[in-house]
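Reader: I do a lot of modelling and I'd like a close look at one part of this thing. Pick a spot, start there, and then tell me how the rest hangs together around it.

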Amino acid sequence: MQLWVNAPGFAELSRLAEERGVPVEALGVEALNDLLIKHRRPPVVEGKTARPGAGAAPAAFALAPFPVWPASPATWWYETFTAPMLAAWTGRKPK
């Protein structure tokens with residue numbers, strides 16, 4: 001699942017996540033579960049890190065939970081796709 005938000009919205013989410021000491025993904029999971037509760041549904045949303053074996057997936061297949069349009073598309077492309085793919089293919093961790 002991907003959620004695209006505007007830059008000011010992502011900045012506020014990032015600050016809130018930093019203040020609470022949690023990843024932005026945790027804020028999204030909390031918000032989705034709150035929405036389910038509001039509509040009288042069971043709160044069953046879990047983050048990808050909560051799934052058994054989620055850490056075993058290669059970094060190349062990990063998706064950013066709240067991607068936003070970056071200041072530099074080339075940097076975003078490298079950090080999001082190229083570096084993880086190189087790490088998966090070569091067995092080295094990206095710097």
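Author: Let's start with Leu86, which lies in helix α3. Helices here are DSSP runs of H or I with at least four residues, strands are runs of E with at least two, and both are numbered from the N terminus. Before going further: this is a predicted model, where local features need pLDDT of at least 70, side-chain atom pairs count only at pLDDT 80 or more, and totals for chains, interfaces and linings use all residues. Residues are numbered from 1 along each chain as its sequence is written, and side-chain values use heavy atoms, with hydrogens and water left out.

Leu86 comes out as partly exposed, at 39% relative accessibility. The scale is simple: buried is under 20% relative accessible area, exposed is over 50%, and partly exposed sits in between, with a 1.4 Å probe and protein chains only. Leu86 shares a nonpolar surface patch of about 380 Å² with Tyr78 and Trp89. Patch members need over 30% relative accessible area and no salt bridge; like charges are joined within 9 Å, and nonpolar side chains (Val, Leu, Ile, Met, Phe, Trp, Tyr) within 5 Å. The areas come from the Shrake-Rupley method with a 1.4 Å probe, and for residues only the protein chains shown count as cover.

Now zoom out for a second. The chain has three helices and zero strands, so to speak an α-α-α pattern when you read along the sequence. Of its 95 residues, 17% count as buried. The chain exposes about 7,600 Å², and carbon and sulfur atoms supply 63% of that. Take the contacts (heavy atoms within 4.5 Å) between residues at least 6 apart in sequence: 43% of them join residues at least 24 apart.

Next up, α1. Its 14 residues should span 20 Å at 1.5 Å a residue, and the end C-alpha atoms are 20 Å apart, which agrees. The expected span is 1.5 Å times one less than the number of residues. At the N-terminal end, Asn6 acts as the cap, with a side-chain oxygen 2.9 Å from the backbone nitrogen of Gly9. Just after α1, Gly21 takes a positive phi of about 75°.

On to the charges. Side chains of opposite charge can pair when their charged atoms come close. The structure holds two salt bridges, meaning a side-chain nitrogen of Lys or Arg within 4 Å of a carboxyl oxygen of Asp or Glu. One joins Arg15 to Glu12, with the closest N and O atoms 2.3 Å apart. Arg15 and Glu12 both sit in α1, three residues apart, or about one turn of the helix. Arg15 is partly exposed at 43%, and Glu12 is partly exposed at 47%. The other salt bridge is between Arg20 and Glu30, at 2.9 Å from N to O. Arg20 is in α1 and Glu30 is in α2, so this pair ties together parts that are ten residues apart in sequence. Arg20 is partly exposed at 45%, as is Glu30 at 36%.

That brings us to α2 itself. This helix has 15 residues and reaches 21 Å from its first C-alpha to its last, close to the 21 Å expected at 1.5 Å a residue. Its buried residues are Val24, Glu25, Leu27, Gly28, Val29 and Asn33, and they pack against α1 (7-20). Look at Gly28, buried at 12% relative accessibility: Gly28 and Glu46 are 18 residues apart in sequence and 9.7 Å apart in space, C-alpha to C-alpha. Asn33 is buried too, with a relative accessible area of 13%. Leaving out residues up to four places away in sequence, Asn33 touches Pro43, Val44 and Val45.

One last thing for your backbone plots. Most residues other than glycine have a negative phi, and most peptide bonds are trans. Arg40 has a positive phi of about 55° although it is not a glycine. Arg40 sits in the loop between α2 (24-38) and α3 (73-90), and is exposed, with a relative accessible area of 80%. At the far side of that loop is α3, the helix that holds Leu86.

Technical notes
Polar contact = N/O pair within 3.5 Å; in protein donor to acceptor, adjacent residues only side chain to side chain.
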